[in-house]
Amino acid sequence: MIVILKPEAPKDEIQSIVSELKSMGMDIQVNEGVECTVLGVLGNTFEIDADALTLHTCVDRVMRVSEPFKKANRKFHPHDSVIDVCGTRIGGDKLAVIAGPCSVESEEQIISIAEDVKKSGATLLRGGAFKPRTSPYSFQGMEFEGLQLLKEAKAVTGLPIVTEIMSPKHVERFDADVDLIQVGARNMQNFDLLKELGHTKKPILLKRGLSSTIEEWLMSAEYIMAGGNENVILCERGIRTFETYTRNTLDISAIPAIKKLSHLPVVVDPSHATGMNWMVTPLAIAAIAAGADGIMVEVHNDPKNAKCDGAQSITPAEFDVVMKQLSSIAGISGRVL
Ligand code: PEP
Ligand code: MN
């Protein structure tokens with residue numbers, strides 16, 4: 001349920017409604033907007049008499065929220081959330097650019113790519129250390145050694161690091177070492193993992209599941225937020241459809257849909273969405289034009305010999321061209337690169 005207060009509602013009256021609702025066992029989220037304050041009410045709200053609430057002079061209206069996601073819902077939090085990732089803000093005017101290889105492969109590889117993408121304007125460095133591979137015989141990642149190399153690349157470039165977590169057992173270590181913890185498509189509904197991440201305050205990059213609806217994706221965000229961690233960034237990375245030409249089908253319509261339904265930032269990964277390096281530029285442009293808060297792109301210094309996802313990786317030189325193209329269109333959605 002949400003309670004929309006009248007503009008200039010006195011603070012003491014707001015406080016008395018909050019206390020009244022809390023005494024009924026409700027959890028209240030107070031969102032002070034520019035025009036008015038909105039109270040998000042969580043709990044067994046069927047016990048609340050909405051008509052009685054509107055009798056308070058400072059209450060404008062009371063609405064029951066029909067969607068099952070509450071904390072992720074824009075009705076609860078009308079303004080866009082901006083998430084701070086180690087000093088880099090995701091969700092504001094400046095577009096976030098997360099770039100780097102699919103997997104960390106060596107010290108030389110990750111540091112050289114990190115330096116190159118930083119020069120071109122990337123704002124965060126990605127690199128998989130624990131890889132969710134379809135085949136158990138494929139490269140599984142450098143694991144903790146990879147994590148250590150990412151930290152070295154951060155020390156050299158200053159770029160915050162983004163890497164994927166696969167097990168709830170690793171939450172403590174990732175919380176200490178990683179700036180933005182990625183939950184991959186395959187783990188979007190790993191509820192034990194989501195609950196553990198909800199107990200941290202670490203920013204989480206939640207990728208959309210392979211065949212998940214927008215509502216299922218937002219419910220996964222809700223799992224993290226319900227635990228107390230509201231620092232969630234969504235990542236559209238393509239979904240399974242009948243089309244086989246591309247690895248997945250990039251759902252551009254998810255961007256305005258998320259913007260309407262939720263206040264959480266949304267970034268787009270055109271690399272996993274298509275599986276083809278030559279589609280990265282047009283789809284990155286489309287994503288930004290449609291209102292995405294940033295992109296995540298796989299960049300490799302030797303794509304032909306990459307241990308994972310070489311076909312969809314662009315070179316640092318190609319990434320530099322993508323950045324130049326994006327900077328000329330960022331203004332379409334009122335952003336800067
Ligand atoms: C990745 O980002 O390396 C990855 C495995 O992505 P996804 O979970 O979207 O497949
Ligand atoms: Mn990959």
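How many Å separate an oxygen atom of ligand 1 from an N or O atom in the side chain of Lys-131? In this predicted model, that gap comes out at 2.9 Å. Arg-126 plays a similar part in the picture: an N or O atom in its side chain is 2.8 Å from an oxygen atom of ligand 1. Then there's His-272, where a polar side-chain atom lies 3.4 Å from an oxygen atom of the ligand. As for how wrapped up ligand 1 ends up, the protein covers 97% of the 300 Å² of accessible area that the ligand has on its own.

Now for the rest of the neighbourhood. Alongside Arg-126, Lys-131 and His-272, the residues around ligand 1 include Glu-164, Gln-182, Gly-184, Ala-185 and Arg-186. Lys-207, Arg-237 and Glu-298 belong to that set too. Sorted by class, this shell has seven charged residues, three polar ones and just one that is nonpolar.

Where does ligand 1 sit? Its place is the largest pocket, which holds about 220 Å³ of space. A total of 19 residues line this pocket. Pro-132, Arg-186, Arg-247, His-272 and Asp-309 are the ones that lie nearest its centre. Two of these names, Arg-186 and His-272, also turn up among the residues around the ligand. Broken down by class, the pocket lining has nine charged, six polar and four nonpolar residues.

Notes. Residues numbered from 1 in each chain as written. Chains lettered and ligands numbered in written order. Predicted model: local features only at pLDDT ≥ 70, side-chain atom pairs only at ≥ 80, totals over all residues. Heavy atoms only, no water. Near = heavy atom within 4 Å. Polar contact = N/O pair within 3.5 Å; in protein donor to acceptor, adjacent residues only side chain to side chain. Areas by Shrake-Rupley, 256 points an atom, 1.4 Å probe, with all protein chains shown as cover. 1 Å grid on protein atoms, 1.4 Å probe; cavity = no way out; pocket = protein on both sides within 12 Å on 5 of 7 lines; lining within 4 Å. Sits in = over half its atoms within 2 Å of the grid points. Nonpolar A, V, L, I, M, F, W, Y, C, P; charged D, E, K, R; others polar. Points joined across faces, edges and corners; volume = space filled by probe spheres on them.
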